[in-house]
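Subject: Structure handover

Dear colleague,

Here is the structure I said I would pass on, with the sequence alongside. Please open both before reading the notes below.

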Amino acid sequence: MGTEPLEALVIGAGPAGLMAAEQMAEAGLRVLVAEAKPSIGRKFLMAGKSGLNLTKDEPPEVFLDAFAEAAPHLAPMLDVFGPVEVKRWAEGLGQPVFTGSSGRVFPDTMKASPLLRAWAGRLSAAGVDFRTRWRWTGWSGAQTTFETPDGPQTFRAARTVLALGGASWARLGSDGTWADILAAEGVDLAPFRPANMGFQVAWSDHMSRHFGTPLKNIALIAGARHVRGECVISERGLEGGGIYAVSRALRDGAPLALDLAPDLSLEQVAHRLGRSGGKQSQSNMLRKALRLDPARIALLNEFARPLPTVPARLASVIKTLEIPHIGPRPMDEAISTAGGVRWGAVDSNLSLHARPNVRVAGEMLDWEAPTGGYLITGCLATGYWAGRMPWP
């Protein structure tokens with residue numbers, strides 16, 4: 001391609017990159033989207049395999065609070081492209097949505113592939129040009145460089161949006177290798193850390209029969225966090241939405257405990273246990289008095305055996321069962337990552353101070369949020385902002 005000038009370049013074809021490309025195309029720019037993988041939106045498609053949770057229908061201040069210390073930076077972006085706009089966007093692509101009882105919003109199909117196909121078609125109709133198997137290798141002066149199936153490609157871009165993801169799920173494209181390129185440019189980066197990940201537990205052999213079993217009707221306690229949710233007992237530890245909701249607190253050093261009877265107070269649990277008499281086994285007593293299922297009883301035996309016989313003491317164990325873990329699963333297995341480009345390294349338009357004609361969007365920025373629609377909405381909002389805001 002040589003030194004042919006390009007009006008707009010997007011590197012990375014996930015939700016943030018595609019949204020940025022669409023906004024620049026709507027502004028009348030000729031846009032090229034370069035993606036290192038053989039196809040676009042791979043992590044987006046993987047997210048949709050268990051039901052594509054696009055956003056969450058809740059008051060704006062509650063939604064924003066999920067982004068913690070990054071909330072002040074993301075607030076203007078979520079104000080112009082938040083949950084309401086995400087629903088309209090999906091419906092505009094011919095994908096009706098519904099809101100579940102928890103407020104989570106899904107496409108009627110519960111899949112990502114129809115949405116991505118419709119989006120890619122709309123982008124192509126708007127003149128967006130896609131290049132797959134193009135791996136960005138940085139800059140040579142003002143030139144952007146790529147390794148491609150046809151060899152190295154180097155050209156100048158008047159405007160660039162980087163949307164290369166975080167540092168998890170490398171096989172889907174988010175490998176974090178861009179960090180070295182930006183660091184060499186003097187961009188201030190926060191270290192990557194796993195987010196929304198499972199935690200490793202050294203189970204005894206007695207727990208093997210419960211591998212794959214969901215833990216329902218529990219609450220997870222991690223420091224000040226107390227969350228109702230579900231998780232799964234796996235061979236490697238605990239995984240699933242409930243554990244992800246407290247994963248940040250656990251990663252940062254909080255201990256993990258489970259409330260195995262969250263619908264009952266400590267006093268109510270003790271009272272029910274005290275009424276259970278006779279010669280029945282403890283397991284039968286727990287099942288009948290508290291309706292504990294085998295998985296929850298197995299956890300009690302795994303971490304609190306011998307179980308107390310005094311009802312008040314046993315009730316305390318049931319309400320705050322300590323779960324020793326040996327740390328998070330490897331970062332590449334995490335759903336998302338914290339860290340990346342610090343907010344001080346970009347201006348209010350998300351342009352890098354080190355390269356003002358280059359903007360950053362999506363998980364490359366230093367923010368994190370729990371699963372439940374916040375991640376995808378955050379990526380779409382930052383992509384919208386990076387592509388929409390006026391360029392110098």
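The notes that follow cover two sheets and then one residue.

Please keep in mind throughout that this is a predicted model.

I begin with an open sheet of 4 strands, in which the pairing is mixed and the order of the strands is β1-β10-β9-β8. Its edge strands, each of which pairs on one side only, are β1 (5-6) and β8 (135-140). Strand β1 runs parallel to β10 (residues 151-157), and 2 bridges join the two; if you would like to locate this pairing on your screen, look for L6, whose bridge partner in β10 is A157.

There is also an open sheet of 3 strands, with the order β4-β6-β5 and antiparallel pairing. Here the edges are formed by β4 (55-56) and β5 (97-99), each pairing on one side only. Between β5 and β6 (residues 104-107), which run antiparallel, there are 3 bridges, and V97 is the residue that stands opposite P107 in β6.

The last item is A190, which belongs to strand β12 (residues 189-195). Is this residue, A190, buried or exposed? Its relative accessibility is 10%, and because buried means under 20%, A190 counts as buried. Leaving aside residues up to four places away in sequence, A190 touches G339, G340, R342 and D366. A190 and W343 are 153 residues apart in sequence, yet their C-alpha atoms are 9.6 Å apart in space.

With best wishes

How values were computed: Residues numbered from 1 in each chain as written. Predicted model: local features only at pLDDT ≥ 70, side-chain atom pairs only at ≥ 80, totals over all residues. Heavy atoms only, no water. Pairing = 2+ DSSP bridges. Buried < 20%, exposed > 50% of the residue type's maximum accessible area, 1.4 Å probe, protein only. Contact = heavy atoms within 4.5 Å.
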